[in-house]
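Visitor: I am new to this structure and would be grateful for a close look at a single part of it. Please take the largest pocket and explain what surrounds it.

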Amino acid sequence: MAYWLFKSEPGEWSWDDQLAKDGEGEEWDGIRNYQARNNMRSMQVGELGFFYHSQSDKAVMGIVEVCAPCHPDSTTDDPRWECVDVRAVATMPRPVTLADCKADARLAGMVLVNNTRLSVQPVTEEEWKIVCELGGYSQS
């Protein structure tokens, strides 16, 4: 299983907005970066990702699950842009900030630490476990 991180500006789409979908999927639309789009193309239904507030909070707020495979982005007619659907799984007991990630030497290679601009990025299994630990989230 692969793991991911989805970044969103809370003023555009927040963790609370995602939670309000009450378990329903929502398109992760509006992505106009080829690397982020390619990351979504490689996702499989059932894979998990961190929901990350960019801009003001700069923190992992919750966990989402990919619930629909990559498909055309409904917000554009341009066939180059695709997206997946995600649904909320759990709120992170303690949000894990970018500063927390940068302060933990075990996360020095994490894409988030080294490329804060990429909106959809891979997370290694080890990074996943560490961030979950920092946030007090148990997957059991």
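**The sheet and the largest pocket**

Guide: In this predicted model, 10 bridges join strand β4 (residues 59-72) to β5, and the two run antiparallel. Within this pairing, Val-60 stands opposite Val-96 of β5. Strand β5 (residues 82-97) is also joined to strand β2 (residues 26-27), here by 2 bridges and again in antiparallel fashion. One residue of that connection is Glu-26, whose bridge partner in β5 is Val-86.

These pairings belong to an open sheet of 6 strands, arranged in the order β2-β5-β4-β3-β1-β6 with mixed pairing. Strands β2 and β6 form its edges, since each pairs on one side only. At the β6 edge, the partner is β1: 4 bridges join these two strands, which run antiparallel. Phe-6 takes part in this pairing, and its bridge partner in β6 is Val-120.

The largest pocket may now be placed against this sheet. Its volume is about 470 Å³, and 19 residues line it. Those nearest the centre of the pocket are Lys-7, Ser-8, Glu-9, Ser-54 and Ser-119. Two of the strands already introduced, β1 and β2, each supply at least two residues of the lining.

Among the residues nearest the centre, Ser-119 merits separate attention. Ser-119 is found in the loop between α4 (111-114) and β6. Is Ser-119 buried or exposed? Its relative accessibility is 18%, and because buried means under 20%, Ser-119 counts as buried. Leaving aside residues up to four places away in sequence, Ser-119 touches Leu-5, Phe-6, Lys-7, Ile-31 and Ala-36. Phe-6 is thus a contact of Ser-119 as well as the bridge partner of Val-120.

Another of these contacts, Ala-36, leads to helix α2 (residues 34-41), where Ala-36, Arg-37, Asn-39 and Met-40 are buried. These four residues lie on the same side of α2, because they cover an arc of only 155 degrees around its axis. The buried residues of α2 pack against β1 (3-8), β4, β5 and β6 (120-123). At the N-terminal end of α2, Asn-33 acts as a cap, with a side-chain oxygen 2.9 Å from the backbone nitrogen of Gln-35.

To draw the parts together: Ser-119 is one of the residues nearest the centre of the pocket, and Ser-119 touches Ala-36, one of the buried residues of α2. Strand β1 supplies part of the pocket lining, pairs with β6, and is among the strands against which the buried residues of α2 pack.

Note on methods:
Residues are numbered from 1 along each chain as its sequence is written. This is a predicted model: local features need pLDDT of at least 70, side-chain atom pairs count only at pLDDT 80 or more; totals for chains, interfaces and linings use all residues. Side-chain values use heavy atoms; hydrogens and water are left out. Two strands pair if DSSP finds at least two bridges between them. Buried means under 20% relative accessible area, exposed over 50%, partly exposed in between (1.4 Å probe, protein chains only). The arc is that of the directions from the helix axis to the C-beta atoms. Contact means heavy atoms within 4.5 Å. A polar contact is a pair of N or O atoms within 3.5 Å; within protein, one must be able to donate a hydrogen and the other to accept it, and residues adjacent in sequence count only if both atoms are side-chain atoms. On a 1 Å grid over the protein atoms alone, a cavity is a set of points where a 1.4 Å probe fits but cannot get out, and a pocket is an open set with protein on both sides within 12 Å along at least five of seven lines; lining residues have an atom within 4 Å of a point. Grid points are joined across faces, edges and corners, and a volume is the space filled by probe spheres set on the points.
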